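Here is a short report on a single protein model. It covers overall form, voids, charged pairs and backbone geometry.

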Amino acid sequence: MQVTKTHTVHGGTLRYLKHDSATTGTPMTLSVFVPPGEGPFPVLIWLSGLTCTEDNFTTKGEAYRAAAEHGIIVVAPDTSPRGPDLKGESVADDAAYDLGQGAGFYVDATEEPWAPHFRMETYVTSELIALIDDQFPTTKTRSISGHSMGGHGALTLALRHPHLFRSVSAFAPICSPTRCPWGEKAFTAYLGDDRAEWARHDAALLIETGAARGHYDDILIDQGDADQFLTDQLKPELLQAAAEAAGQPMTLRMQPGYDHSYFFMASFMADHVSFHAQRLKD
């Protein structure tokens, strides 16, 4: 991977990196924070939301003080492949904020013109993890977290690949994309009209069928009650109902007065880093 920028922060080293991805067939960018010390260190993968790049969380998430204290590497990839001719000239919707570049939804697209490049599930769970373990001093143990679309990604990737992750948490996740406008639009474009295929990428439905059972002793969710997307898009009540029906431990914290912004995430980020640290070092 090519290092494009380096910063020292909280005694550790933050690198912005770029590499040519065999999975997406495009360049991909990410940031990696390595705490002070010799290591090896466990890893926390962070998945960002709609319109974000790796830079939003890196500059606004306020994760690195806690990551330095707990001795955790933090990896933040971009939210999708990018490029001027990536989507095919006929897809006007790529200009929309909720589809196309910046909106990969952490699935492997099966529909044209998205299928050749929009393969974010495989990118995160296979290529990215292998690169980080190969090029950084990791313990080869990891957890995953994210926000909004990235919260959906963190939950579904953890539920679909439980052997890869020790723990999972999310801020304001899209809890049931098969039952909200953002998810319905993205899944139709990326996965086609088969709702059975959609269900394989819906956190509430996965938990309801027992996907988390025996893998995660708790799932931490923070949600602001002043979030403008709470009712129509996020629907945490569906996730909570699924966890209760399946007997899956889950902590849903409704935070009064908080919205959907990075101010909300920064306010509780240390709690999430600590949550993962406890499970990564057991």
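What percentage of the 282 residues in the protein chain do buried residues make up? The share is 59%. Note that this is a predicted model.

## Overall form

The protein chain contains ten helices and nine strands. Its radius of gyration is 17 Å. A compact globule with 282 residues would have a value near 19 Å, so the chain agrees with that expectation. The C-alpha trace spans about 50 × 45 × 35 Å along its principal axes. Contacts reach across the sequence. Of the contacts with a separation of 6 or more, 72% are between residues 24 or more positions apart.

## Cavity and pocket

One cavity of 30 Å³ or more is present in the structure. Its volume is about 40 Å³. Which residues line the largest cavity? They are Val 43, Ile 45, Val 75, Leu 128, Ile 129, Ile 132, Asp 133 and Arg 142. By class, six are nonpolar and two are charged, with no polar residue in the lining. Strand β4 (41-47) and helix α3 (120-135) each supply at least two lining residues. Helix α3 gives the largest share, with four residues.

The largest pocket has a volume of about 190 Å³. Its lining has 13 residues. Nearest the pocket centre lie Gly 49, Leu 50, Thr 51, His 147 and His 260. The pocket lining has six nonpolar, six polar and one charged residues.

## Salt bridges

Side chains of opposite charge can pair when their charged atoms come close. How many salt bridges does a search of the whole structure find? The count is nine. Three of these pairs are listed here.

| Pair | N to O distance |
|---|---|
| Lys 185 and Asp 98 | 2.8 Å |
| Arg 279 and Asp 217 | 2.9 Å |
| Arg 142 and Asp 133 | 3.0 Å |

Take the pair formed by Lys 185 and Asp 98, whose side chains meet in a salt bridge. Lys 185 sits in helix α5 (residues 181-191), and Asp 98 sits in the loop between β5 (73-77) and α3, so the pair ties together parts that are 87 residues apart in sequence. Lys 185 is partly exposed, at 29% relative accessible area. Asp 98 counts as buried, at 10%.

Next comes the salt bridge between Arg 279 and Asp 217. This pair also links distant parts of the chain. Arg 279 belongs to helix α10 (residues 262-280), while Asp 217 belongs to the loop between α7 (203-208) and β8 (220-224). The two residues are 62 residues apart. Is Arg 279 buried or exposed? With 13% relative accessibility, Arg 279 counts as buried. Asp 217 is exposed, with a relative accessible area of 51%. Elsewhere, salt bridges that share partners join Asp 222, Arg 253 and Asp 271 into one network.

The third pair returns to the cavity. Arg 142 and Asp 133 form a salt bridge, and both residues appear in the lining of the largest cavity. Arg 142 has a relative accessible area of 8%, under the 20% cut-off, so Arg 142 is buried. Asp 133 is buried too, at 16%.

## Backbone geometry

Most residues other than glycine have a negative phi, and most peptide bonds are trans. This chain has some departures to check.

Which residues does the cis peptide bond with omega about 5° join? It joins Gly 39 and Pro 40. Pro 40 lies in the loop between β3 (27-34) and β4. The peptide bond from Glu 112 to Pro 113 is also cis, with omega near 0°. Pro 113 lies in the loop between β5 and α3.

Positive phi occurs in residues that are not glycine. Lys 140 has a phi near 65°. Lys 140 is in strand β6 (residues 138-146), and its relative accessible area of 53% makes Lys 140 exposed. Ala 172 has a positive phi of about 45°. Where is Ala 172 found? Ala 172 is in the loop between β7 (169-171) and α5. Ala 172 is buried, with a relative accessible area of 0%.

Notes:
Residues numbered from 1 in each chain as written. Predicted model: local features only at pLDDT ≥ 70, side-chain atom pairs only at ≥ 80, totals over all residues. Heavy atoms only, no water. 1 Å grid on protein atoms, 1.4 Å probe; cavity = no way out; pocket = protein on both sides within 12 Å on 5 of 7 lines; lining within 4 Å. Points joined across faces, edges and corners; volume = space filled by probe spheres on them. Nonpolar A, V, L, I, M, F, W, Y, C, P; charged D, E, K, R; others polar. Salt bridge = Lys/Arg side-chain N within 4 Å of Asp/Glu carboxyl O. Buried < 20%, exposed > 50% of the residue type's maximum accessible area, 1.4 Å probe, protein only. Rg over C-alpha atoms; globule rule 2.2 N^0.38 Å. Contact = heavy atoms within 4.5 Å.
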